[in-house]
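Subject: Structure handover

Hello,

Here is the structure I promised to pass on to you. Please open it alongside this message.

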Amino acid sequence: MVSDADFDADELAMLRQLFRDEAHEALEAVTARALSAGAGAPSADSLTEMMRVTHTLKGSAGTLGLDDMVDLAHRLETALDQVRTGQLAWTARVGDQIVEIVDGVRAHVDAMNEPIAAASFADHVRALLERLAESSGDRTRATPAPAPRPARPTLSDGVPRVVDGADTTLSITPSTDLPAVDGRPLLRVEAERIDALMSSTGELLFDRTRIERRVQLLRTLARDLGRTRQALREEVGQLRAAATDAARVALEERLRQVEAGLAGQATQLAQTTAALLDETEALRHTIGDIQRGLLRTRMQTSRALFAHLARSLRAISRSAGVRVELRTSGDDTEFDKALAEQLTDPLVQLLRNAVVHGIETPDERIARGKPQVGTVRVAARHDGNLVLVELSDDGNGIDPRKLRERFVATGRWTAARAELASDDDVLAAIFEPGVSSRDDADELSGRGIGLDLVRETIARLGGEIRLTSSPGRGTTFTMRLPVSTAVTQAMLFKVHGQVYALPQVHVVETTSVEADATTVAGRHEQLPVVRLEQVLSDPTSPPAEPQRRAGVVVTYAGKGLVCTVDKVVGPREIVVRPLGPLLAPLPLYAGATISGSGKVQLILDPAALVRLAYPGSPMIDLPSPSAPSPQTLAGRALVVDDSRAIREALTAMLSREGWIVDVAEDGARAVQMAQQLRYDLVVTDLEMPRLGGFELIGRLRENRTTAATAVVIVTSRASPENRRRARDLGVRALVAKPITRRKLLEALAAR
Amino acid sequence: MPDLKNVIVFALGGARWAAEIRYVREVISLGFVTTVPTAPAGIAGVFNLRGAITPVLDLGPLVGRAAHPAPRQGDGALLLEVDGASAALRLDNVDEIATLPVSTDAVRDGRGRMVPLIDPPQLLRRALHAAQAVRGDEPPTESRLPVADLDGDPTLG
């Protein structure tokens, strides 16, 4: 093992992860070359290259002290060398064995962190290697590896060169010099990190939508303010006309000044809002750029997917006893890594169906005048924002006539329906659940195995699948999918029989809620209950009976709540879709997703739930200008602190108590603000840039309008000296940091 | 002299309506319709149209009449498209697609009967404003909104 002095645990874990990636690429390259050779031996160049990447792998494994891996790589290298020197004759069988060995090495690498499993994979590979040596008739055993010399780690090696592969047999062209990509430096990043960034960007999208809603609200507010000012101006005008005595003239004069001030502020608000609108527009572009950039980093070519299919085909056809060749095109078509991963299983399923049920036996094929070896083609190409994946075979195809008979015979369709349905309808029906099961043994029905699941997976990815077939000539499946998918984790639950989702990042846990509970004990405080069966009721749903219900604990913007649901479905990966312009204004929803069966499921906006749970909280919601909410306002407060975190914390606490809160980052700004607006309460820090807390209070006391304003000091310097000074300045309370809600409430209650 | 326009005449809840064909992308059959709680009466639900979340409109409330029964999977609908915003307008069946004489608010069908003409841009705008009203907004006076630059507010017949 590597000594502790070489790497600490974190470094070692990171290096192993890098090694795992490197090994995957190297092993993939060996597999591809072995497979592409088929029955003919690989070229000397190709063998040299296979040996080179294996050798590099051995060096890296040695650096990390992976002794088993060093041994396996060494033995594989030896076996390859025997092929190169002609000691071991290449046959299709040998090719298969080498692929199997490489698969075993891969399994060993993947099990690296589980020593027992890893060791058993290593033994398995050694057994395979010995069998390979025996099959060649050469009984000389692979010599044990020499003690690995700690080589320079070559962790950036082994990146497959990008090769144009228009309709090449198998995906990877046997070419030399794999590692270089135009000599540009490459950065190896764990896929998980990119995924984490992706999901943050997804959140950013939700945030952006909220900000845009707020800005729209601000615009309305600015307009309303303009109207109020206009009304005031008219009133003042009338007052002027009616002014008789000096007092009224003076009042009119003062009101006119107020109106002028209001005019300035209204204009400023309108301008600021307009600017904000432009800035959110800029934000939208930036977020778009970031997302597109991230998506590009996650893009993969179809090469790896195709190589995987080639390996699967190998295994499937071996066990089915059918000879099938895979031809690929569009090897360089790029799509999202997540998409490639999700697409693998459906494609393997289709491949299996093609081999097991589509391709005829060699005798049948000859009788039909087809080449003895069957062909499966898989192609990928872009079509606008979609990627088109096509998988076709030259087997016996699907006969709609027979399918009709079968549907009628099994009672799935009536004879009349079978008669009326077009061939396309009949073929489309094959994707329906339960068209056939594993119990059905005949070739026709066997075709249906798992096709409903295939369609479901494709639908979940936002795509669709179609089938065309010409009886006797073959079958083609065409899949259209979005190039990238904004996949995110969500918690799914049912309310009134409909499934809804909440972004998982905002879901803490699930719980249960008593029938009449208005709060539920959370980890730190009582959480308000939002009854979704009421919020999400529609006229057609029966009134919900009060009963004990499942609850989902949600936090957003530092606030917690429990929403009641009929049933928790569980966490799922979902693809977030926009609601479209007509539904976007509805505050309750953040988007939608499409279920595996193609139904739309709505994603609730946690911000909206918080608004429901904390009505009248100004921090969370601007009071609607058109319909002022009948909230009891504690008054208007100014929070002054140079720490943003403290400002936010105080704002949250005060808002919850019904205060409308403004913030200032220092005393100087606070003085300005206090001149423009009357505050009922000032909560200030002491040490701040430009103008400190005591100086601020001094200024407030000097001015007639602000002299009596209630002041609370929140400071980490709660010395007796400061307390005395605060008392002299008529400060209501001095609270020592760290501030808690309880301390603040006590301070506010103080006289 | 009335203009001749390409219109589609359809039946809904015992009444007949016409719409200019240029706003109708296709006649579709609705997929599973998900209801949208809190949505205004004119928006009866959403469904998945080839991967796009598409609202289903109920003509009734949008023209000041009673709501129709909730739309269901398999119901017929016009897929309206206005400035990139699309929505499905549920119908019972399509009567005819023809070139008919059109006045501002009605068409004269083949048998000489007057059929009220709906204005899809206005319909979508009303649905949008109704949705914004849920949020507490007043209808915008000027707009940066998607169903914009369709000015005027002609009333329906």
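Below are some notes on one sheet and a helix beside it.

This is a predicted model: local features need pLDDT of at least 70, side-chain atom pairs count only at pLDDT 80 or more, and totals for chains, interfaces and linings use all residues. Residues are numbered from 1 along each chain as its sequence is written, while chains are lettered from A and ligands numbered from 1 in the order in which they are written.

Chain A holds an open sheet of five strands in the order β20-β19-β21-β22-β23, with parallel pairing. Strands (E, at least two residues) and helices (H or I, at least four) are DSSP runs, numbered from the N terminus, and two strands pair if DSSP finds at least two bridges between them. Since β20 (659-664) and β23 (733-736) of chain A each have a single partner strand, they stand at the edges, so one side of each lacks a neighbour in the sheet.

Strand β19 (residues 635-640) of chain A pairs with β20(A) over six parallel bridges. In β20(A), A:W659 is the bridge partner of A:G635, and A:A664 stands opposite A:V640. With β21(A), β19(A) forms four parallel bridges; there A:A637 stands opposite A:L681.

In a regular strand, side chains alternate between the two faces of the sheet.

Enjoy exploring it!

Best wishes

Technical notes
Two residues are in contact if their C-beta atoms, placed from the backbone, lie within 7 Å. Axes are lines fitted to C-alpha atoms, for helices over the stretch in contact, and angles run from 0 to 180 degrees between N-to-C directions.
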